[in-house]
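The following explanation proceeds from the chain as a whole to individual side chains. Please keep the sequence and the coordinates in view while reading.

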Amino acid sequence: MVGDAAAPREAVACLTVQAAAPLATAMLEAQGLIGPVRWAAAEGGTRINDGRYSFRNPANDFALPGNRLARVSAALAG
């Protein structure tokens, strides 16, 4: 699942999904509407948003730390 070369073959086989579309649909339907998200530039130009499920929203308890947020922002901008 995360590219671990030491994972046994039987473990990898358990993690595969034969029909990804139904799984994705079920996951998205259960999530509910997230609503509009507003993007802004924080100090240093890091792009953040106000999404309540977003790792790029510094107000969320589970948000990326500032240094990782800046790295993600730079990677997606380039």
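How much area does the chain expose, and what share of it do carbon and sulfur atoms supply? The exposed area is about 6,500 Å², and carbon and sulfur atoms supply 61% of it. The model under discussion is predicted. Of the 78 residues in the chain, 15% are buried.

The secondary structure comprises three helices and two strands. Along the sequence these elements follow the pattern α-α-β-β-α. As for contacts between residues at least 6 apart in sequence, 7% join residues at least 24 apart.

The loop between β2 (47-49) and α3 deserves a closer reading. Serine 54 is placed in this loop. With a relative accessibility of 15%, serine 54 falls under the 20% limit and therefore counts as buried. Its side chain joins that of asparagine 49 through a polar contact of 3.1 Å. When residues up to four places away in sequence are not counted, serine 54 touches Asn49, Asn60 and Phe62.

Phe62 also takes part in an aromatic arrangement. The count of aromatic pairs comes to one. The ring centres of phenylalanine 55 and phenylalanine 62 are 5.3 Å apart and the ring planes stand at 75 degrees, so the pair is edge-to-face. Phenylalanine 62 has a relative accessibility of 40% and counts as partly exposed.

The loop between β2 and α3 holds a charged residue as well, and here a general point is useful. Side chains of opposite charge can pair when their charged atoms come close. The count of salt bridges comes to one. It is formed by aspartate 50 and arginine 38, whose closest N and O atoms are 2.7 Å apart. The pair links distant parts of the chain: aspartate 50 belongs to the loop between β2 and α3, arginine 38 to the loop between α2 (20-31) and β1 (39-41), and the two are 12 residues apart. How do the partners stand with respect to exposure? Aspartate 50 is partly exposed at 31% relative accessibility, whereas arginine 38 is exposed, with a relative accessible area of 60%.

Tyrosine 53 is another residue in the loop between β2 and α3. Its relative accessible area is 43%, which means that tyrosine 53 lies between the limits of 20% and 50% and is partly exposed. Together with Ile34, Val37 and Trp39, Tyr53 forms a nonpolar patch on the surface, with about 380 Å² of accessible area for the group.

Attention now turns to helix α3, which spans residues 66-77. Is serine 73, a residue of this helix, buried or exposed? Serine 73 counts as buried, because its relative accessibility of 6% is under 20%. Apart from neighbours within four places in sequence, serine 73 is in contact with Gly45, Thr46, Arg47 and Arg56.

Leucine 76 lies in helix α3 too. In contrast to the buried serine 73, leucine 76 is exposed, with a relative accessible area of 63%. The C-alpha atoms of leucine 76 and arginine 47 are separated by 9.5 Å, while the two residues are 29 apart along the chain. Arginine 47 thus appears here as a reference point for leucine 76, and it is also one of the contacts of serine 73.

Notes
Residues numbered from 1 in each chain as written. Predicted model: local features only at pLDDT ≥ 70, side-chain atom pairs only at ≥ 80, totals over all residues. Heavy atoms only, no water. Helix = DSSP H or I, 4+ residues; strand = E, 2+ residues; numbered from the N terminus. Buried < 20%, exposed > 50% of the residue type's maximum accessible area, 1.4 Å probe, protein only. Contact = heavy atoms within 4.5 Å. Areas by Shrake-Rupley, 256 points an atom, 1.4 Å probe, with all protein chains shown as cover. Polar contact = N/O pair within 3.5 Å; in protein donor to acceptor, adjacent residues only side chain to side chain. Salt bridge = Lys/Arg side-chain N within 4 Å of Asp/Glu carboxyl O. Phe/Tyr/Trp six-rings, centres within 6.5 Å; stacked < 30°, edge-to-face > 60°. Patch = residues over 30% accessible without salt bridge, like charges linked within 9 Å, V, L, I, M, F, W, Y side chains within 5 Å.
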